[in-house]
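Visitor: I've got a fold to look through and could use some company. Mind walking me round it?

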Amino acid sequence: MFASPAILPRLRSSDLFTEADLYQARFAASLARPGHADLAAGLTALVSLAVREGHVCLHLGDKGVRERLAALGLDGSDDCLQTGVVGAPDSGLSLILDGERLYFPRFFGDEQSLARAFLRLAGTPPRDIPAKLLPDIFKARGGQTDWQDVACFAALRSRFCVISGGPGTGKTTTVARILALAVRLHAGKDFRIRLAAPTGKAASRMSEALASAFPGESLPPELKTNLSQDAQTVHRLLGWSARGFIHGPDNPLPLDMLVVDEASMLDLELAARLMDALPDHAGLVLLGDRNQLASVEAGAVLASLCREDVVNAFSPDFAADAAKACAHGLPVTGSPALLTDHVVELKKNWRFGADSGIAALAEYIRKGEAERAAALLATPRGGVMMKTCSGQAELVAELAPLLRKAFRSLGSETDPARAFEIFGALRLLSPVRRGPRGTETLNRLAREALGMPAGDGWYPGRPVMILENDYNLGLFNGDTGIALPAGDTLRVYFPAPEGFVSFVPARLPRHETCYAITVHKSQGSEFRHTVLILPEEPCPVLSRELLYTALTRSRERFSLVGTAEQAMEAILRPARRDSGLWAMLNR
């Protein structure tokens, strides 16, 4: 039996901890030295809580952590090494202390493994790029830096490149150029390229967007030869089986170059398994938006790599090599770090014009300019508006006409392509699932507004989101399908590499209706009109990154149902995820 330390009632009454947290706390207490059970239990519960909140570790130097320890009557965290459950990285104990960071061993091991992999990639000597390719890399003229050109150069020069940029900055165009140039660079060789993304939706969009970046909206023949498959989820790329992933250190992926899109959605564990499976000789390009929400699970890998001091910062050697192609004026850092030359941020927005409210608001949010953002929301401009709805009746009156206008013909549609075009017109987003303005309530509201049957029954036009991976069916968490008439029955259609696949509803894995989805679930998707509905009650998950992510799902229009005060609160609350990855990369 596990111990029941004296601190257990305090842990239960704090309302911070789940039963899983308390289970681990009791287990740690049973291993603790005499007189140290309370500290061992309290620290373990706090580490478990930190992981649930998205952190990789518990930072003992953080003011908030100190306050939580004090509230539990545990001011002696400096004595943690005396508990018998906390030790150095090689101790084999239940908790690992690395500086002021306290880890579960699995997360410390994953972070250490990931750091080693990035160090190996970034430490590889740069390639010499043939002079004949340089004019096709650096196309800009007139003295201005074209960051797409720089990203192409960085990805070809090195085996590791991180490219960050918001929607419309040309990430897909840039990666299309990188792939075409990489094929030329390795002409005459068996150069295998693979594409991946964390979710099925993101992988599907990656394949579609990449094809559309080339003339005729199809891959050139020479690239098709090297790119034998469409983009896949990372799980499918690694080959999930009942025993875990098929590919790993002892069975690396059969590829020479890997491009991963929507890298902000990569959690620590998945990123570590991906890097474990990357062959020693292969190159890696990570694409994403460092300002978006981090992964649902613990870790913020992309954000850890995109620290301000390495973004668009280059060594004298990199700048000199670029100057050979007349690309002058790159910013040269006086104190190079390991990731100098490897992280490029695209800045110019090609989608939105100078009068775009979406582009302006995104810039204010990124920079933390809360008052300017609130002022823009208060005066509708360029596709952006704010509406304050007090109570459910006002909310229904605001949303019902939007839903009917967008989806009134969805139930009578029989063509899957047309149905998905209709469904892409509008999406309701919420920070939360439960509550008066959570996605569960909003989906019920949408169903009622459209006059659809109550409950979870099937009807023509019902949109659903898959909630768990089913490798037999090829359906993955986040995939979206629509129920459409097929003769005398209904089938649920999902986008596929070549058209659509369909299933009878009974075959689907766990799913839910998705007129409304959480902001986290919206990552990797875009909609013509996005409506973010904020809860009227205090919302702890509201943050700068959440507001930015919701906004940048919009291609044409963004509506905020909330108040200027809520928007300002979000912008002034940047998300924080404790991790030791950056420290490990710079030791």
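Here is a short chat about domains, cores and a pocket.

Guide: Heads up, this is a predicted model, where local features need pLDDT of at least 70, side-chain atom pairs count only at pLDDT 80 or more, and totals for chains, interfaces and linings use all residues. Residues are numbered from 1 along each chain as its sequence is written, and side-chain values use heavy atoms, leaving out hydrogens and water.

Visitor: How many Å separate the centres of domain 1 and domain 3?

Guide: The protein splits into domain 1 (6–103), domain 2 (109–351) and domain 3 (364–572), with bounds from an automatic or database domain assignment. Taken over C-alpha atoms, the separation between the centres of domain 1 and domain 3 is 39 Å.

Visitor: Which helix gives the largest share of the largest nonpolar core?

Guide: A nonpolar core is a set of buried (under 20% relative accessible area, 1.4 Å probe, protein chains only) Ala, Val, Leu, Ile, Met, Phe, Trp, Tyr and Cys residues joined through side-chain atoms within 4.5 Å. The largest one has 78 residues, with Phe 118, Phe 160 and Leu 284 making the most contacts inside it. Its largest share, 10 residues, comes from residues 37–52, helix H3.

Visitor: How many residues are in the second, separate core?

Guide: Look for Met 386, Leu 403, Ile 482 and Leu 532, which are included in that second core. Its total is 64 residues.

Visitor: And which residues does Phe 118 touch, skipping those up to four places away in sequence?

Guide: Contact means heavy atoms within 4.5 Å. The partners of Phe 118 are Phe 160, Met 275, Leu 284, Leu 286, Val 301, Leu 305, Leu 338, Leu 581 and Leu 585.

Key
Buried means under 20% relative accessible area, exposed over 50%, partly exposed in between (1.4 Å probe, protein chains only). Helices (H or I, at least four residues) and strands (E, at least two) are DSSP runs, numbered from the N terminus.
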